[in-house]
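Colleague: Please take a close look at the aromatic rings in this model for me. I would like to know how they sit in the fold around them.

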Amino acid sequence: MNTSEIIKNIKINIRSLITEIDLPEDSPFSQKGCSPRVDYADGKSEKGYDECIEFSTEGTLTIKENYVEITYKENESLGMSDIESTLRFKKTRPTMINLIRRGAAPASLMFDTEFPRRNCSYCLGNLPFSFCICTKNLENRFGESEGKIVLDYEIEMHGVVTEHNIYTLEYKE
């Protein structure tokens, strides 16, 4: 049994494009406070997206047997100062990625091209809620010294799509 483990310090660039889906006024989810939405004073940021988040950070790349983990601290200026995120996948199944968040707002999100609709959970304070991640596309260019992961997905609550996100993480030693 091979129990070797490789741990590397990496530089990470993250870009997240978020589009809120316009819901009909008669939808029960279009009422303020019924879905996890944030209002932005500047309107659309680029190419029709409501929000574009970009930041750079440092993290670790851990490779142990068949598993790969990319771990980093979330951006403090976005109000996520005590949150650590880990993207985890198997080298033999790179098109299924689990995003685990630990800290003030714990979450477990699953992105999967084989089974694209996955039940997930998120916790804000003491209020946990469930929703579905619907993976539209997933790109995983894993390398031991550099790589790129792109998650293109929708968030669905009670059968209604509320948000479309494109999350890109690039890393290198």
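Modeller: Happy to; I will start with the fold, move on to the rings, and finish with two loop residues.

This is a predicted model, so to speak plainly about confidence: local features need pLDDT of at least 70 and side-chain atom pairs count only at pLDDT 80 or more, while totals for chains, interfaces and linings use all residues. Residues are numbered from 1 along each chain as its sequence is written, and side-chain values use heavy atoms, with hydrogens and water left out.

The protein has zero helices and 10 strands (DSSP runs numbered from the N terminus: H or I of at least four residues for a helix, E of at least two for a strand). From the N terminus on, the elements run β-β-β-β-β-β-β-β-β-β. The 10 strands close into a barrel in the order S1-S2-S3-S4-S5-S6-S7-S8-S9-S10, with antiparallel pairing; two strands pair if DSSP finds at least two bridges between them. Take S7 (residues 117-124), which pairs with S8 in the antiparallel sense over eight bridges. There, Arg 117 stands opposite Cys 134 in S8. Of the 173 residues, 44% count as buried (buried is under 20% relative accessible area, exposed over 50%, partly exposed in between, with a 1.4 Å probe and protein chains only).

Now to the rings. Rings of Phe, Tyr and Trp (its six-membered ring) pair if their centres lie within 6.5 Å; planes under 30 degrees apart are stacked, over 60 edge-to-face and the rest tilted. That rule gives four aromatic pairs. One of them joins Phe 89 and Phe 142 edge-to-face, at 5.9 Å centre to centre and 75° between the planes. Phe 89 belongs to strand S4 (residues 83-90), whereas Phe 142 sits in the loop between strand S8 (127-141) and strand S9 (146-157), so the pair ties together parts that are 53 residues apart in sequence. The two partners are covered to unlike degrees: Phe 89 is buried at a relative accessible area of 3%, while Phe 142 is partly exposed at 27%. Ring pairs also link Tyr 122, Phe 129 and Phe 131 into a cluster.

A charge joins in as well: Arg 88 lies over the face of Tyr 67, at 4.2 Å from the ring centre (the rule asks for NZ of Lys or CZ of Arg within 6 Å of the ring centre and within 35 degrees of the ring normal).

Phe 111, in strand S6 (residues 107-112), deserves a look too. Phe 111 is buried, at 1% relative accessibility. Leaving aside neighbours within four places in sequence, the residues in contact with Phe 111 include Thr 95, Met 96, Ile 133, Leu 151 and Tyr 153, where contact means heavy atoms within 4.5 Å. Lys 136 lies 25 residues from Phe 111 in sequence, and their C-alpha atoms are 9.1 Å apart.

Lastly, two loop residues. Most residues other than glycine have a negative phi. Glu 65, however, has a positive phi of about 55°; Glu 65 is in the loop between strand S2 (51-64) and strand S3 (67-73) and is partly exposed at 36% relative accessibility. His 158 also has a positive phi, near 55°. His 158 is found in the loop between S9 and strand S10 (160-172), and is exposed, with a relative accessible area of 66%.
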